[in-house]
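Open the model in your viewer with the sequence panel beside it. The stops below go from the whole chain to strand pairs and then to the disulfides.

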Amino acid sequence: MSGEVTAYADGGKVVCDEKGFCRVVADDTTTTPGKEGDGQQASDASTGKPKCYDSNMDADTDVPCYLKGFGYWVNGSNCYFQEADPQPPPGDPRWEGHDPADGAVYDAYCPDNPNKNSQWFAQPPNGGAGVDPEVLAQQAVKKMRLLGPDVASPRAAGRYTVGVPLWMWVNRSATTYGPQSASASAGGVTVTATAKVSQIVWQMGDGATVTCRGPGTVYQASAAMAESPTCGHVYTKTSADAQGSKYPVTATSTWAIDWEVTAGGGGQIGQLTQIQQSQTQVAIGEVQVVK
């Protein structure tokens, strides 16, 4: 993808390097990096240098604040920086004479200066370099207080019958089912995470496991002896021999968490999961026939 790609009427030409990073070269403007795989870009009118954009800025006139694999853009330096892993050994020229305890070496990607490949910083450079969006996503998740299922049925105080369909369902709230969102920020980067339960796995206590993709269906008397259309189980043995004469029931929810860099990171996205459990008990008896 390297080389001049096309020309514009104003004399500007789009040039892309081997990384797919494009920029416009024009006779009357400063060379300006563009966003990954993009076309024409314009230079910053006030400084002649590009600045990074977030979701609140114009993606057509600036560069993305984050490029996966290259790190974060530092305004004024015209480079992306990402902490080198592993760090070079002590005495390596990349430390620029500094002690490793005094900072870190960052790999540099500078579209207009291919000869520059690293720089030492005492602190993470401006623009959010060194901020891991996934770590921010995890911090956002901690704010949500995600809990296990709020089991509505079966009820611990209820009595159910062998051979009669048992309907299972849960109450839905932001903390027990979702959706719920929260954000976390650091170094000019903001990540917003949204969590929702994707499935609930029920361990029924009699050796059976039931996987339900939704919250379950609330039983209505009009259903009579029908099985639940979404989440149910039929016990074939009483719980008389179980501890306390009740089957232990465990409901395990899987929280699917989608996160997105909403400021300072060029729209990077990802996913996390979290597992939460709740327990209840169910008494299963037999139909008593009166003669």
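A residue is called buried under 20% relative accessible area, exposed over 50%, and partly exposed in between, using a 1.4 Å probe and protein chains only. By that rule, 42% of the 291 residues in the protein are buried. This is a predicted model, in which local features need pLDDT of at least 70 and side-chain atom pairs count only at pLDDT 80 or more, while totals for chains, interfaces and linings use all residues. Residues are numbered from 1 along each chain as its sequence is written, and side-chain values use heavy atoms, with hydrogens and water left out.

**Whole chain**

Colour by secondary structure: one helix and 21 strands appear. These are DSSP runs numbered from the N terminus, with helices (H or I) of at least four residues and strands (E) of at least two. Next, show the surface. About 15,400 Å² is exposed, and carbon and sulfur atoms supply 48% of that area; the areas come from the Shrake-Rupley method with a 1.4 Å probe. Among contacts (heavy atoms within 4.5 Å) with a separation of 6 or more, 55% are between residues 24 or more positions apart.

**Strand 21**

Select residues 269–285, which form strand 21. Strands pair if DSSP finds at least two bridges between them. Add residues 247–263, strand 20: this strand runs antiparallel to strand 21, joined by 14 bridges. To see one of the bridge partners, pick T254 and I275. Then add residues 159–161, strand 13, which pairs with strand 21 in the parallel sense over three bridges. Here T161 has G285 as its bridge partner.

**Disulfides**

Show the cysteine side chains. How many disulfides does a search of the whole structure find? The search finds two, taking a disulfide as a pair of cysteine sulfur atoms within 2.5 Å.

Select C79 and C110, whose sulfur atoms lie 2.0 Å apart. The link connects distant parts of the chain, 31 residues apart: C79 is in strand 9 (residues 79–83), and C110 is in the loop between strand 10 (104–109) and strand 11 (118–121). Because the torsion about the S-S bond is about 110°, this disulfide is right-handed. C79 counts as buried at 2% relative accessibility, and C110 counts as buried at 4%.

Finally, select C212 and C231, joined S to S at 2.0 Å. The pair links distant parts of the chain, 19 residues apart, with C212 in strand 18 (residues 209–212) and C231 in the loop between strand 18 and strand 19 (232–233). With 80° about the S-S bond, this link is right-handed. Both C212 and C231 are buried.
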